[in-house]
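Hi,

Here is the structure I said I would pass on. Have a look at it first, and my notes follow below.

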Amino acid sequence: MAESDYESVLCVKPEVHVYRIPPRATNRGYRAADWKLDQPDWTGRLRITAKGNIAYIKLEDKNSGELFAQSPVDQFPGIAVESVVDSSRYFVIRIEDGNGRRAFIGIGFVDRGDAFDFNVGLQDHFKWVKQQSELAKQAQNPDSGPKLDLGFKEGQTIKLSIGNVRKKENSSTKPRPSGAGIGLLPPPPGTKTPILLPPPGSQGMQNIVTQQPTQSPSAELLGGFDSPNPSPALASHTATTDLWGDFATATSSATNQVAQSTNWVQF
């Protein structure tokens, strides 16, 4: 079966009223108020079918389905289907008997939703007809359609923002320490910080040699290493240049007297 022989159903409404209408007196349109709305001339079922590009409004008997009248519609809105000027539930359609005779009758729906579906069914069909016509034209002339031009025009420029890239490059470059050589590593956790001895011959070294305190925690850390013995020249220099010699002598004599009088043991 060819596509043009296939008949599809667009809309079905179980109840529609048919009216004989008087001739149109003016060009302003039909008025439903001029009909005898409470006395319809026929009541039945309405179906809208489509065969090719033509839609058919068919009025059929509710029980037997016998065709009462039909209206071929080749465009919508058009002369084949017109809305009345005073209501949205009533329309005027042009019916044909197949022998060339035509007549205009009025139809009406009890529910406004049925009238809305009647309108939408015809509109959707002719939207589809229009789309099919445009596709057929494009298939015949493929070069006639608009082309998408993605090229740069003369004088056209493009701007790129790479601020984030520069920020990443700056953050990845870290400043290196200015001092030459290898810095001291911190001691491991749980150990005491060692005391660094001054170089031989400095004043701090002289104070350490002359005072000779008791063993300190730093000496315990360095217990495995032998203490450096000062040279004879350093010892003589220390003895002659010690500014605290008298104070140390006085302190030692006073300590001896206290020890002799109190019988303390001196360490």
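**What I found**

Starting at the N terminus, the protein's elements run β-β-β-β-β-β-β-α-α-α-α-α-α, which comes to 6 helices and 7 strands (DSSP runs numbered from the N terminus, H or I of at least four residues for helices, E of at least two for strands). This is a predicted model, so local features need pLDDT of at least 70 and side-chain atom pairs count only at pLDDT 80 or more, while totals for chains, interfaces and linings use all residues. Residues are numbered from 1 along each chain as its sequence is written, and side-chain values use heavy atoms, with hydrogens and water left out.

Of the 267 residues, 21% are buried (under 20% relative accessible area, with exposed over 50% and partly exposed in between; 1.4 Å probe, protein chains only).

Now the inside. The largest nonpolar core (buried Ala, Val, Leu, Ile, Met, Phe, Trp, Tyr and Cys joined through side-chain atoms within 4.5 Å) has 24 residues, and L46, L59, V81 and F118 touch the most other members. At least two residues each come from β1, β2, β3, β4, β6, β7 and α1 (112-140), with α1 giving the largest share, 4 residues. What does F118 touch, leaving aside neighbours within four places in sequence? Its contacts (heavy atoms within 4.5 Å) are C11, L46, I48, I57, V81, F91, I107 and F109. Another core, of 8 residues, lies apart from that one and includes I21, Y30, Y90 and V92.

Then the charges. I get 8 salt bridges in the structure (a Lys or Arg side-chain nitrogen within 4 Å of an Asp or Glu carboxyl oxygen). One of them pairs K58 with E7 at 2.9 Å, N to O; K58 is in β3 and E7 in β1, so the pair ties together parts 51 residues apart in sequence. K58 is buried at 13% relative accessible area, whereas E7 is partly exposed at 37%.

E60 in β3 is worth a click too. It forms salt bridges with R45 (2.6 Å between the closest N and O atoms) and with R47 (2.8 Å, N to O). Both partners sit in β2, R45 being 15 residues from E60 and R47 13 residues from it. E60 is buried, at 5% relative accessible area, while R45 is partly exposed at 24% and R47 likewise at 22%. Elsewhere, K13, D114 and D117 are linked in a salt-bridge network.

Cheers
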